[in-house]
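Hi everyone, thanks for coming. Please have a look at the structure on the screen, and then I'll walk you through a few places in it.

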Amino acid sequence: MGQGEGPLFAVVTSGGGSYSASLCWSVARVPELTPEIIALLGLASVIAGFIDAIAGGGGLISLPALLSVGLNPVAAIATNKVQGSVGTASALWNFWRKGRVDFRLIRWPLALVGVGAGLGAFAVTLVDARWLMILLPVLLIGIALYFLFGPKASDEDAHARLTPLAYAFVAGGIGFYDGFFGPGTGSFFALSLVMLLGMGLTRATAHTKALNLMSNVVGIVVLAAGGHVVWALAGIMAVGQFVGGRMGSHAAMRFGPRLIRPLLVIISLAITARLLSDPANPLRVMAAGWLG
């Protein structure tokens, strides 16, 4: 993939139309802010913030909403990161106030997530990301199967398989992926915190918000520097994200694994279905070739 090409090639549709791999890295065009657009984006951001606070994957709602109002894919991705970060920060603040986040424990993972996200955002302009479209659905299905049929993830902490410093390199890899591509990042963080740091599911969800916020902020800096953020739309959706994030984090702490576990499964499978719904997806093309 050459300079100026992004990672999302025809994987997100709006109004039935597909967007190609060659994304326009021009300064974002601001659509007219009609009451209908404001209402659409506001509602989408509340729902996305609620889902994001619990299991991640709110971009399945907010990103298509931004594309539907006429943004090019890069501007939509950049604006989505800004408004999504507000919801993530809102949820994180709520988790932290309730004593669910230990920043000292994840200080090294946070640092390497930031480094990884910066490198990933830079790398996306240089290399071909098509192989991720083959690997990602397989990984997401694996996560869904783990939470569906694996050892029951509870709120009880278990024995950590890695030290926080060792886990930092895993977190840095996920941060790189988020800067480079993004879908499913919350699921990857949650699964790794449960399996490798032995966190209970609600506690892992809370710490996921801190790690995800770090990777998002770094990505925002890179994209905003290129003039791709539509700040007016980001501001409108940030309000909805704040409300949705607060509601979602309260629900996560109240219902715990009973709510988080099924949502992680649903979100992982929904992202997989979204990716495979595109006829140009390489995994789908490969399968069609084998069956044909």
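Let's start with helix H2, residues 59–68, and helix H3, residues 73–97, which pack with their axes 9 Å apart. This is a predicted model, so please keep that in mind throughout. The angle between H2 and H3 is about 135 degrees, and that makes H2 oblique to H3. The angle cut-off for roughly antiparallel is over 145 degrees, so a pair at about 135 degrees does not get that label. H2 passes H3 in a right-handed crossing. Which residues make the contact? On the H2 side, look for Gly59, Ser62, Leu63, Leu66 and Leu67. On the H3 side, they are Pro73, Ala76, Ile77, Thr79, Asn80 and Gln83.

If you are new to this, here is the general idea: two packed helices are described by the angle between their axes and the distance between the axes.

Now try that on another pair, helix H7 (residues 185–196) and helix H8 (residues 201–225). Their axes come within 9 Å and cross at roughly 130 degrees, which makes H7 oblique to H8. The crossing of H7 past H8 is right-handed. From H7, the contact involves Thr185, Gly186, Phe189, Ala190, Leu193 and Val194. H8 brings Leu201, Ala204, His207, Thr208, Leu211 and Asn212.

Let's zoom out for a moment. The chain has 11 helices and two strands. Reading from the N terminus, the order is β-β-α-α-α-α-α-α-α-α-α-α-α. There are 292 residues in the chain, and 52% of them are buried. Now take the contacts between residues at least 6 apart in sequence: 80% of those join residues at least 24 apart.

Leu263 gives us one place to look at that kind of link. You'll find Leu263 in helix H10, residues 257–276. Is Leu263 buried or exposed? Its relative accessible area is 18%, so Leu263 is buried, the cut-off being under 20%. Leaving out residues up to four places away in sequence, Leu263 touches Ile54 and Ala55. Ala55 lies 208 residues from Leu263 along the chain, yet their C-alpha atoms are separated by 5.9 Å.

Next, charges. How many salt bridges does the structure hold? The count is one. The partners are Lys81 and Asp178, with their closest N and O atoms 4.0 Å apart. Lys81 sits in helix H3 and Asp178 in helix H6 (residues 164–180), so this pair links distant parts of the chain, 97 residues apart. Lys81 is buried, with a relative accessible area of 13%. Asp178 is buried as well, at 5%.

My last stop is Asp52, in helix H1, residues 35–55. Asp52 is buried, yet it has no salt bridge. Why not? The nearest side chain of opposite charge is that of Lys209, 5.5 Å away, and a salt bridge needs the nitrogen within 4 Å of the oxygen, so this pair does not count. What does Asp52 contact, leaving aside its neighbours within four places in sequence? The partners are Gly57, Gly58, Gly59, Lys209 and Gln241. You may remember Gly59 from the start of the talk, where it was one of the H2 residues in the contact with H3.

That's my tour, and I'm happy to take questions!

Note on methods
Residues numbered from 1 in each chain as written. Predicted model: local features only at pLDDT ≥ 70, side-chain atom pairs only at ≥ 80, totals over all residues. Heavy atoms only, no water. Helix = DSSP H or I, 4+ residues; strand = E, 2+ residues; numbered from the N terminus. Buried < 20%, exposed > 50% of the residue type's maximum accessible area, 1.4 Å probe, protein only. Lys, Arg positive; Asp, Glu negative; His and termini not counted. Contact = heavy atoms within 4.5 Å. Axes fitted to C-alpha atoms, helices over the stretch in contact; angles between N-to-C directions. Parallel < 35°, antiparallel > 145°, perpendicular 65-115°, else oblique. Left-handed = near helix turned anticlockwise from the far one by under 90°.
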